[in-house]
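Good morning, and thank you for joining this group meeting. Please look at the sequence and the structure on the screen before I begin.

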Amino acid sequence: MSRTGRVLAVVRRLAGLLLAVALLAGLPTLTGCAPKDRAVGDSWHEGTVPHDGVDRSDTLVALIGCPQKGEKDPDAGLDSRILASLKAERMKGYFSSAQSTGDQQDGVQDAINRGVSLILIRRPGAGDWTPALKAARKAGIPVVEFAQSAKAWTPDPGRLYYAATVHPVDPAGHPHAPLLADALQTIVDDGPHARIMAVRLSAD
């Protein structure tokens, strides 16, 4: 083979390799964003390989408000306290108001579109949450219920769809409870955590 022929052969082989790399780069990964049999943010188990989590300052939380249904919110000001608690710990958050379950679910979809790190839902309204939670799961975004007591979501959508329930406690009576931002960061990083967690909104 002449020198020119050898050069052309090498060029063709390189072109083939570059094409193969380009095709592979365009293929979806074999594993999705969601774990197979547990909720996003709740798949840690013994033997899980440690990994670097998301930097606290890069974490964005969507706080979905609870439906008012015309009555006065007995926890007026809680949404602001939640966001202030996150901000104090260098975690970003924004509030999505809701007058109905449908508004809450629209807030979930908006959060998905924004690419948030975690969706925190205050007192989820009655109704079928499966489609909204499936969409968050498909996007690889953990969902957490913010409740007023140590009771799981009722009716429970199941362990595939939300990572945990958190509820606020008095810091004086529960000094060892994690701060809300710490609990949410653990879920974002898919670290070990309880299914129902007491959290503090402030250090004191």
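Let me start with a question: are the residues on the two faces of strand 4 (residues 143-146) buried or exposed? I should say at once that this is a predicted model. In the model, strand 4 is covered on both faces. Val143 and Glu145 are buried on one side, and Val144 and Phe146 are buried on the other.

Now let us place that strand in its surroundings. Strand 4 belongs to an open sheet of six strands, which follow the order 2-1-3-4-5-6 and pair in parallel. At the edges of this sheet we find strand 2 (92-96) and strand 6 (196-199), each of which pairs on one side only. From one strand to the next, the twist averages 25°.

Which strands pair with strand 4? On one side, four bridges join strand 3 to strand 4, and the two run parallel. In this pairing, Arg122 has Phe146 of strand 4 as its bridge partner. Strand 4 also pairs with strand 5 (residues 164-168), again in the parallel sense, over three bridges. Here Phe146 has Val166 in strand 5 as its bridge partner. Phe146 therefore deserves a second look on the screen, as a residue with bridge partners in strand 3 and strand 5.Next, consider the route of the chain. From strand 3, the chain passes through helix 4 (residues 130-138) to reach strand 4, and this β-α-β crossover is right-handed.

Which residues of helix 4 are buried? They are Ala132, Leu133, Ala136 and Arg137. These residues lie on the same side of helix 4, because they cover an arc of only 140° around the axis. The buried residues of helix 4 pack against helix 3, strand 3 and strand 4. On the face turned away from that buried side, helix 4 carries the exposed residues Pro131 and Lys138. Just after helix 4 comes Gly140, with a positive phi of about 80°.

Helix 3 (residues 101-114) also has its place against the sheet. Helix 3 lies across strand 1, strand 2 and strand 3 (118-122), and runs at about 165° to strand 3.

Finally, let us turn to the other end of the strand order. Strand 1 (residues 60-64) is joined to strand 2 by five bridges, and the two strands run parallel. Within this pair, Val61 has Gly93 in strand 2 as its bridge partner.

To close, I return to my opening question: Val143, Val144, Glu145 and Phe146 of strand 4 are all buried. Thank you for your attention.

Terms used. Residues numbered from 1 in each chain as written. Predicted model: local features only at pLDDT ≥ 70, side-chain atom pairs only at ≥ 80, totals over all residues. Heavy atoms only, no water. Pairing = 2+ DSSP bridges. Axes fitted to C-alpha atoms, helices over the stretch in contact; angles between N-to-C directions. Contact = heavy atoms within 4.5 Å. Buried < 20%, exposed > 50% of the residue type's maximum accessible area, 1.4 Å probe, protein only. Right-handed = clockwise from strand over helix to strand, strands pointing away. Arc of directions from axis to C-beta.
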